[in-house]
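Here is a short briefing on one protein chain. The points are grouped by topic.

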Amino acid sequence: MTLFQWFVFFLIVQVLHFIGTWKLYEAANRKRWEAMVPVYNAIVLMKIINRPTWWTILLFVPIVNLIMFPVVWVETLRSFGKNKTADTLLGISTFGLYLVYVNYTQPLNYISDRSLIPTNRGADTISSFLFAIVVATLVHTYIMQPFTIPTSSLEKSLLVGDFLFVSKFHYGARTPMTAVALPMVHDTIPVLHTKSYCNWPQLPYFRFPGIQKIERNDIVVFNWPVDTVYKFFDTSNRKADKPIDKKSNYVKRCVGIAGDSLFIKDGNVFINGKLLVLPERAKPQFSYTVTTNGQGSFDPTYLMSDLHITDGIRQDSQNTFTFAALTEEAVGRLKNNPIVTSIVQNIGHAPELGSHGVFPQNVTNWNRDNYGPIYIPKEGKTVALNAKSLPFYRRIITEYEGNDLKATGDEIRINGQVVKSYTFKQNYYWMMGDNRHNSEDSRYWGFVPQNHVVGKPVLIWMSLDSNGKGLGKIRWERLFTTVGGEGQPYSYFKFFLIALVAYFGITFFLNKKKENS
């Protein structure tokens, strides 16, 4: 829905609210017109039900309002003496329409001084639970979201089994675009394995100002732009047309920002003609072929645990091995082995074509190791459009920026008008994995739009090794380490333990003091 469509929808809701509740307002000694004025009518309603005015804000916060609306319906019914369980169930199950029935058919006895204290333990538990859900949803949506690393595309920087906190406020929190969804889950309801949202209605894209912009080499969480999978890791090949904010979450390193020109030569990334210098924590990896002299035994499996190699080693012949992903450090270790005669980085030179080829598919002779140059679009910048350049920007024009495009030979029409150029409406980014030969990234599906950006990983709070047992599964050295920053990762776990002990110690002391007073 466009902003105008949402405005019309909002006005219709306000009219319906007035028609269905104006008698309730009058019965509470308010003016009839107060039920009609948008936003103000919600403020007045909070006064009627004796709830704080700031609750009005929660009614306009996407997802949170799905919890608040039923609460307000029930609170309104109770303010007019409708306290029975049947009244509560009817208020919720009819999506508030039961209030219209009460408004026109029931005696309206307003209780201005009703008690807001739960009458039993069950009601108190429900009230506390709803409050906790609202707070958690606000934190999850606008401040910090937990995230798990499922694949090895950023191996060494982030490991499979790392549990992250992803900041929403660094790049600016994005308000939900999917208006009807289950709080604090992504695209699938756990256990039930069903869709957790409704495709309609969709809110316009809006992002709050951030405290920083996306920079080169930042690790970024984003919605996978070309995602149509029904469920991540689902092998049934079911497809789903997902809203932007319900597309699968991906995490990659941003190697190119809006306005950059990028090319890759023999696996090395160049930005605006200069080699991209990666931070010390980044550990780019490539596939290598290792040949030995055949003398003695060569057991490379020690690297699996010693250097956390997770993508495997394949023996091609008696003396030849292929390593799926090695860092420079691992290559140096292998070179020191006396029976190793050569180590060759597997660089691709043949074009990658077909449906699984590099972006844009079937247009260039590029591959994953030798790619580009390609321009990364920037908001407000204009590019020439012709038959040669169109494949690079077709998806941007149609899918990401919502235009109708028709191309016949050299004639290109956007929204019915013949054009020779196009001006971008938002910024785009180029995302790649450090595990360069085992990463499905921008080289295969193109640009990441600004409106797909979720947030910035800031802290690894837990890390589990699937090959470990018991407490050995925990990678203790990674607990409470920051994702960014200079130098090698440093664990703040001991400081967390000290703070935790101090908290419980102070709490115990205060409780004892209170008991003795």
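A residue counts as buried under 20% relative accessible area and as exposed over 50%, with partly exposed in between. Val226 has 23% relative accessibility, so it is classed as partly exposed. The model is predicted.

**Overall build**
- The chain holds 12 helices and 23 strands.
- Its C-alpha trace spans about 95 × 80 × 40 Å along the principal axes.
- The chain has 517 residues, and buried residues make up 44% of them.
- Take the contacts in the chain with a separation of 6 or more: 66% of them come from residues 24 or more positions apart.
- About 27500 Å² of the chain is exposed, and carbon and sulfur atoms supply 61% of that area.

**Val226**
- Val226 sits in the loop between β5 (219-223) and β6 (249-256).
- Leaving aside neighbours within four places in sequence, Val226 is in contact with Arg395, Tyr400 and Trp445.
- Phe60 is 166 residues away from Val226 along the chain, and 30 Å separates their C-alpha atoms.

**Glu401, a buried acid**
- Glu401 is placed in the loop between α10 (390-400) and β16 (405-408).
- This residue is buried but has no salt bridge.
- Lys425 is the nearest side chain of opposite charge, at 5.1 Å from Glu401. A salt bridge needs a side-chain nitrogen of Lys or Arg within 4 Å of a carboxyl oxygen of Asp or Glu, so the pair does not qualify.
- The side chain of Glu401 does make a polar contact with that of Tyr422, at 2.4 Å.
- Beyond its neighbours within four places in sequence, Glu401 is in contact with Ile396, Tyr422, Thr423, Phe424, Lys425, Gln426 and Tyr428.

**Nonpolar surface patch**
- A nonpolar patch on the surface is formed by Phe4, Phe7, Val8, Leu11, Ile12, Val15, Leu16, Ile19, Leu97, Val100 and Tyr104.
- Together these residues have about 1000 Å² of accessible area.
- Two elements give two or more residues to the patch: α1 (3-27) and α6 (98-105).
- Helix α1 gives the most, with eight residues.
- Leu11 is one of the patch residues and lies in helix α1.
- Leu11 has 36% relative accessibility, so it counts as partly exposed. Patch residues need over 30% relative accessible area, and Leu11 therefore passes that cut-off.

**Backbone exceptions**
- Most residues other than glycine have a negative phi, and most peptide bonds are trans.
- The peptide bond from Phe359 to Pro360 is cis, with omega near -15°. Pro360 is in the loop between β13 (340-345) and β14 (371-375).
- The bond from Gly372 to Pro373 is also a cis peptide bond, with omega near 15°. Pro373 is in strand β14.
- Val39 has a positive phi, near 70°, and is not a glycine. It lies in the loop between α1 and α2 (40-48).
- Val39 is partly exposed because its relative accessible area is 36%.
- Met184, again not a glycine, has a positive phi of about 65°. It is found in the loop between β2 (162-167) and β3 (188-189).
- Met184 has a relative accessible area of 34%, so it is partly exposed.

Technical notes
Residues numbered from 1 in each chain as written. Heavy atoms only, no water. Helix = DSSP H or I, 4+ residues; strand = E, 2+ residues; numbered from the N terminus. Buried < 20%, exposed > 50% of the residue type's maximum accessible area, 1.4 Å probe, protein only. Lys, Arg positive; Asp, Glu negative; His and termini not counted. Polar contact = N/O pair within 3.5 Å; in protein donor to acceptor, adjacent residues only side chain to side chain. Contact = heavy atoms within 4.5 Å. Patch = residues over 30% accessible without salt bridge, like charges linked within 9 Å, V, L, I, M, F, W, Y side chains within 5 Å. Areas by Shrake-Rupley, 256 points an atom, 1.4 Å probe, with all protein chains shown as cover.
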